[in-house]
Amino acid sequence: LSRGFAYALHPTPELWTKSLPHRTQILYSTDISIIILQLQLKPGCVVVESGTGSGSLSHSLIRTIMPSGHLHTFDFHQQRSEKARVEFEEHGLKEFVTCYHRDVCEDGFGLEDKADAVFLDLPHPWKVVPHALKALKKSGGRVCSF
């Protein structure tokens, strides 16, 4: 800069949502806030997300459940899943998230009695409800579909 001011901002999920490369349609902060509220998420929660997409929601979920929670995120598209995994690693979030390439409609989550909450962002969420119920802890939890 030759004149004026420059601000270096600490990366936040909100800034990531505004600047991320769109591989899919994304959720924005207003919707993300409602989802986190309705799922009753807090630090320490274990969350299952189907439909990783561009990772907009994933970043906010991770910030909410850190430092002792974990996000299991699934996408049926291998390149999207791999790209999200690389971005999480680059953003220093690797220890809080596990990315899976899987068709959860057909194959389920492969998780039982683990999750406090399940979020479904899929074309046919009703096909996944039985798998979501298996993934939830026996003590209960919440399922949200968008």
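This is a short tour of a predicted model, going from one selection to the next.

**Stop 1: helix 2**

Select residues 29-38, which make up helix 2. Show the side chains of I32, I35 and I36; these three are buried. Now look down the axis of helix 2: its buried residues fall within an arc of 95°, so they line one face of the helix. Colour T30 and L37 next, which are exposed on the other side of helix 2.

**Stop 2: Q40**

Move past the end of helix 2 to Q40, where phi is positive, near 55°. The loop that holds Q40 runs between helix 2 and strand 1 (46-50). Which residues does Q40 touch, leaving aside those up to four places away in sequence? They are C45 and R142. Draw a distance between the C-alpha atoms of Q40 and R142: it comes to 7.9 Å, although the two residues are 102 apart along the chain.

**Stop 3: strands 4 and 5**

Select residues 142-145, strand 5, together with residues 117-120, strand 4. The two strands run parallel and are joined by 4 bridges. One pairing to display is F119 with its bridge partner in strand 5, C144. Add residues 129-135, helix 6, to follow the chain as it crosses from strand 4 to strand 5. How is this β-α-β crossover handed, left or right? The crossover is right-handed.

**Stop 4: cysteines**

Stay on C144 and show its surface. Buried or exposed? C144 has 16% relative accessibility, and it counts as buried because the cut-off is under 20%. Go to C105 next: at 19% relative accessibility, C105 falls under that same 20% limit and therefore also counts as buried. A search for disulfides over the whole structure returns 0.

**Stop 5: helix 4**

Finish with residues 78-90, helix 4. At 1.5 Å a residue, its 13 residues should span 18 Å, and the end C-alpha atoms are indeed 18 Å apart, so the two values agree. Show R80, S81, A84, E87 and F88, the buried residues of helix 4. Viewed down the axis, the buried residues of helix 4 lie within an arc of 125°, so they line one face of the helix. Then turn to the face directed away from the buried side, where Q78, Q79 and E90 are exposed. Just after helix 4 comes G92, with a positive phi of about 75°.

Notes:
Residues are numbered from 1 along each chain as its sequence is written. This is a predicted model: local features need pLDDT of at least 70, side-chain atom pairs count only at pLDDT 80 or more; totals for chains, interfaces and linings use all residues. Side-chain values use heavy atoms; hydrogens and water are left out. Two strands pair if DSSP finds at least two bridges between them. A crossover is right-handed if, with the strands pointing away from the viewer, the path from the first strand over the helix to the second runs clockwise. Buried means under 20% relative accessible area, exposed over 50%, partly exposed in between (1.4 Å probe, protein chains only). The arc is that of the directions from the helix axis to the C-beta atoms. Contact means heavy atoms within 4.5 Å. The expected span of a helix is 1.5 Å times one less than its number of residues. A disulfide is a pair of cysteine sulfur atoms within 2.5 Å.
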